Amino acid sequence: MPTYLYRIQPVRPEMLSEGATPEEARITCEHFDYLKRLLDQGVLILAGRTLNEDCSAFGIGIFNARDDAHMRQLVRADPGVAQKLFRAEWHPFRIALRAPANIEED
């Protein structure tokens, strides 16, 4: 199954530096729940975000998707993208090296 890199950035960077509005917080929760469902289904391999709070901040996800059309569908179904909280881009991606034992859980 093809692998894809998913990159998102907040449309309003101040959401990170000044705090989210109630609407942004609601959408962020929906986005997180969506990603958790995809993780449980085996579609999402990993997801996270940078910890900086300026306009360079971004989040990434690594996905298993059937093909480009499926990945496009996954992106469009993300509540954060659909409700225009995040702008998104995705790219076919090949994992070259991985070591599950090196991943530290919080």
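**Exercises on a pocket and two residues**

**Exercise 1.** Determine how the lining of the largest pocket divides by class.

*Solution.* The lining has 17 nonpolar residues (Ala, Val, Leu, Ile, Met, Phe, Trp, Tyr, Cys and Pro), five polar ones and two charged ones (Asp, Glu, Lys and Arg), with the others, Gly among them, counted as polar. The model is predicted, so local features need pLDDT of at least 70 and side-chain atom pairs count only at pLDDT 80 or more, while totals for chains, interfaces and linings use all residues. Residues are numbered from 1 along each chain as its sequence is written, and side-chain values use heavy atoms, without hydrogens and water.

**Exercise 2.** Find the volume of the largest pocket, the residues closest to its centre and the elements that contribute to its lining.

*Solution.* First, the largest pocket (an open set of points on a 1 Å grid where a 1.4 Å probe fits, with protein on both sides within 12 Å along at least five of seven lines) has a volume, the space filled by probe spheres set on the points, of about 580 Å³. Next, among its 24 lining residues (an atom within 4 Å of a point), His31, Phe32, Leu35, Gly48 and Arg49 lie closest to the centre. Finally, two or more lining residues come from each of strand 1 (3-10), helix 1 (14-17), helix 2 (22-40), strand 2 (44-49) and strand 3 (59-64), where helices (H or I, at least four residues) and strands (E, at least two) are DSSP runs.

**Exercise 3.** Decide whether Ala57 is buried or exposed, and place this residue in the fold.

*Solution.* Ala57 belongs to the loop between strand 2 and strand 3, and its relative accessible area of 2% makes it buried (under 20%). From Ala57 to Pro92, 35 residues apart along the chain, the C-alpha separation is 21 Å.

Definitions and conventions. Buried means under 20% relative accessible area, exposed over 50%, partly exposed in between (1.4 Å probe, protein chains only).
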